[in-house]
Amino acid sequence: MQIVTGERLVGAMESPNSVVAEFASGRRDTAELFVGADGIWSTVRGLIDSSAPRAEYAGLCGVAGISTLPGVEPGVWNLTYTRNGAFVYTSIDEQTQWWTAQIGDPVKPDLRGVDDAQWLRRVTELFPETMPRALLAAATSIAASGYLNVCDPIQKWHSGRMVLVGDAAHPVGVGHGASKCIEDALELAAALSSAPTVPAALMAYDAARRPRMDKLLKHGHNAGAGIPVRLSSVRVLG
């Protein structure tokens, strides 16, 4: 297997027996099956269906970090809801905590140039409850920051020889992105191993995955699709 990085997909052409992928560099690759695992901003989605919905800003931005703070019970997702959004934290080990703050902002803010100190100051002001404040005071690093996005349901997951998996097909939020992509891969592999042709396999994959994903999409919608975490145990503070 060859892994190629630094390429940008710009097009794909299907024939009855193959797919030719075209890249901005001029490179072309041919295969029997083209799997689009390119996330919520999927290019492959638009190649399969030019009318497919595109992701949009969800009215939330977020930041995540790591803190060193002993005494937090391991194995529990802790959640604080406030008027400003949500603050979630959990233990990585007995000394180390992971946290994320999701901040409501109807106008997409410019996050360029916001340094760690500015993030910590802002999040502390927005989430003044005891545990968020303690975790932020003990923060050792900011792990990531960015925007939360949503996408309308995607009706067409495949063509004859191109197929979507993961957030490219069904961005559900509520903490299910990576796990659902893994499930998709297993279901797709099973369909390919048992169906007589690639197009038949893609139809079988679609039929097998739709009911579960429709259920999760409904759950995400009911939850507001704004908290991208799977809450196995929840404590609401404040």
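**Exercise 1. The two sides of helix 4**

Which residues are exposed on the other side of helix 4? Find them, then describe the helix as a whole.

*Solution.* Before we start, a word on the model: it is predicted, with local features needing pLDDT of at least 70 and side-chain atom pairs counting only at pLDDT 80 or more, while totals for chains, interfaces and linings use all residues. Residues are numbered from 1 along each chain as its sequence is written, and side-chain values use heavy atoms, with hydrogens and water left out.

Step 1. Locate the helix. Helices (H or I, at least four residues) and strands (E, at least two) are DSSP runs, numbered from the N terminus. Helix 4 covers residues 177-194, which is 18 residues.

Step 2. Check its length. From first C-alpha to last, helix 4 reaches 26 Å, close to the 26 Å expected at 1.5 Å a residue. The expected span is 1.5 Å times one less than the number of residues.

Step 3. Sort the residues. Buried means under 20% relative accessible area, exposed means over 50%, and partly exposed lies in between (1.4 Å probe, protein chains only). Lys180, Asp184, Leu188 and Ala191 of helix 4 are buried. Looking down the axis, the buried residues of helix 4 fall within an arc of 75 degrees, so they line one face. The arc is that of the directions from the helix axis to the C-beta atoms.

Step 4. Answer the opening question. Ala178, Ile182, Leu186, Ser193 and Ser194 are the exposed residues on the other side of helix 4.

**Exercise 2. The largest nonpolar core**

Which element supplies the largest share of the largest nonpolar core? Work from the core's members to its sources.

*Solution.* Step 1. Know the term. A nonpolar core is a set of buried Ala, Val, Leu, Ile, Met, Phe, Trp, Tyr and Cys residues joined through side-chain atoms within 4.5 Å. In soluble globular proteins, nonpolar side chains tend to be buried together.

Step 2. Meet the members. The largest core has 27 residues, and those touching the most other members are Leu9, Phe34, Val44, Trp157, Leu164, Leu188 and Tyr205.

Step 3. Trace the sources. Strand 2 (19-23), helix 1 (43-48), strand 10 (162-164), helix 4 and helix 5 (198-222) each give at least two residues to this core. Helix 5 has the largest share, with 6 residues.

Step 4. Zoom in on one member. Contact means heavy atoms within 4.5 Å. Setting aside neighbours within four places in sequence, Phe34 is in contact with Leu9, Ala12, Val19, Ala21, Val44, Arg161, Met162 and Val163.

Step 5. Look for another core. A second, separate core has 18 residues, including Val72, Tyr89, Val123 and Leu136.

**Exercise 3. The sheet of 5 strands**

In what order do the 5 strands of the open sheet run? Then see what packs on the sheet.

*Solution.* Step 1. Read the order. It is 6-7-8-5-9, with antiparallel pairing. Two strands pair if DSSP finds at least two bridges between them.

Step 2. Find the edges. Strand 6 and strand 9 are the edge strands, each pairing on one side only.

Step 3. Note the twist. From one strand to the next, it averages 15 degrees. Axes are lines fitted to C-alpha atoms, for helices over the stretch in contact, and angles run from 0 to 180 degrees between N-to-C directions.

Step 4. Inspect one pair. Strand 6 and strand 7 are antiparallel and joined by 5 bridges; Thr82 has Gly85 in strand 7 as its bridge partner.

Step 5. Add the helices. Helix 2 packs on the sheet, at about 75 degrees to the direction of strand 8. Helix 3 packs on the sheet too, at about 65 degrees to the direction of strand 7.

Step 6. Check the faces of helix 3. Pro132, Leu135 and Leu136 are buried. They cover an arc of only 95 degrees around the axis, which puts them on the same side of helix 3. Thr130 and Ala137 are exposed on the other side.

**Exercise 4. The whole protein**

How many helices and strands are there in the protein? Add some overall numbers.

*Solution.* Step 1. Count the elements: 5 helices and 10 strands.

Step 2. Describe the extent. The C-alpha atoms fill a box of roughly 60 × 35 × 35 Å along the principal axes.

Step 3. Give the buried share. Of the 238 residues, 40% are buried.
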